[in-house]
Amino acid sequence: MIREVLRMGDPRLLQVSQPVTDFAGAALRALLQDMRDTMAHEDGAGLAAPQIGVPLRVVIFGAGGQRRYPDAPEVPPTVLINPLLTALGEEEEPGWEGCLSVPGLRGVVPRWRHLHYAGYDENGQFFERTVEGFHARVVQHEVDHLDGILYPHRMRDLSLFGFTDVLFKSIGAAPEGDT
Ligand code: NI
């Protein structure tokens, strides 16, 4: 079911979400279906459970075949539950981000370039990956939602914050999808 995406200003986006403890129940399956339906409807590259008002540590993401952003780097469709992130090295990289909870806007955010992440899939199976670049950025953005952090909170230069259609009118399309 397509759910309403909460927008910045809603206090529920600032909450710290709780770990999932029941991987077998119908509630998790229904939540993931709603998240997939909502992300597809919004044509997003990622979505965190608190964005639809559910304060659990669940994110989904995946980009690469999107209608609006066919040139976005490939990120495999992923369900990540109870994530643990570890920066690999000190290197940060600035990059444009958008968020379904901050519609119509984009901003440049510094993120760890190299990242290790671990967590559980929808069947409760542990997995881990070492990633970089856009994939690392999407994971950091989504997992921030679980701690009540929105990307504008991470920005260091607010002159690099603006409306997508104004910022990117010269090239016709924003570089990456909203998450
Ligand atoms: Ni977001």
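These exercises walk through a predicted model, one sheet and a few side chains at a time. Residues are numbered from 1 along each chain as its sequence is written, and side-chain values use heavy atoms, leaving out hydrogens and water. In this predicted model, local features need pLDDT of at least 70 and side-chain atom pairs count only at pLDDT 80 or more, while totals for chains, interfaces and linings use all residues.

**Exercise 1. The sheet**

Find the order of the strands in the open sheet, and say which strands stand at its edges.

Solution.
- Start with the terms. Helices (H or I, at least four residues) and strands (E, at least two) are DSSP runs, numbered from the N terminus. Two strands pair if DSSP finds at least two bridges between them.
- Read the order. The open sheet has five strands, S1-S2-S3-S6-S7, with antiparallel pairing.
- Look at the edges. Strand S1 (46–48) and S7 each have a single partner strand, so one side of each is left without a neighbour in the sheet.
- Add the turn. Neighbouring strands of this sheet are turned by 40° against each other on average, direction ignored. Axes here are lines fitted to C-alpha atoms, for helices over the stretch in contact, and angles run from 0 to 180 degrees between N-to-C directions.
- Place the helix. Helix H1 (residues 26–42) lies across S1, S2 and S3, and runs at about 35° to S2.

**Exercise 2. Bridges and a hairpin**

How many bridges join S2 to S3, S3 to S6, and S6 to S7?

Solution.
- Take strand S2 (residues 58–63) with S3. Five bridges join them. Alanine 63 has valine 75 in S3 as its bridge partner.
- Move to S3 and strand S6 (residues 114–120). They pair over five bridges, antiparallel. Leucine 84 is matched with alanine 118 in S6.
- Finish with S6 and strand S7 (residues 126–132). They pair over seven bridges, again antiparallel. Histidine 114 has glutamate 132 in S7 as its bridge partner.
- Check the hairpin of S6 and S7. Five residues lie between the strands, and glycine 124 takes a positive phi near 80°.

**Exercise 3. Threonine 78**

Is threonine 78 buried or exposed, and what does it contact?

Solution.
- Locate the residue. Threonine 78 sits in strand S3 (residues 75–87).
- Judge burial. Buried means under 20% relative accessible area, exposed over 50%, partly exposed in between (1.4 Å probe, protein chains only). Threonine 78 has 6%, so it is buried.
- Inspect the side chain. One of its polar atoms lies 2.7 Å from the backbone oxygen of proline 76.
- List the contacts (heavy atoms within 4.5 Å). Leaving aside neighbours within four places in sequence, threonine 78 touches Val59, Ile60, Phe61, Tyr117, Phe127 and Arg129.

**Exercise 4. Aromatic pairs**

Which ring pairs are edge-to-face, and how exposed are their members?

Solution.
- Set the rule. Rings of Phe, Tyr and Trp (its six-membered ring) pair if their centres lie within 6.5 Å; planes under 30 degrees apart count as stacked, over 60 as edge-to-face and the rest as tilted.
- Count. The structure holds six aromatic pairs. Two of them are worked here.
- Tyrosine 120 and phenylalanine 126 are edge-to-face, 5.7 Å centre to centre with 70° between the planes. Tyrosine 120 is partly exposed at 31%, as is phenylalanine 126 at 44%.
- Tyrosine 151 and phenylalanine 161 are also edge-to-face, at 6.1 Å and 85°. Tyrosine 151 lies in helix H3 (residues 151–154) and phenylalanine 161 in strand S8 (residues 161–163), so the pair ties together parts 10 residues apart in sequence. Tyrosine 151 is buried at 1%, whereas phenylalanine 161 is partly exposed at 27%.
- Look for a cluster. Ring pairs link Phe23, Tyr120 and Phe126.

Notes
Polar contact = N/O pair within 3.5 Å; in protein donor to acceptor, adjacent residues only side chain to side chain.
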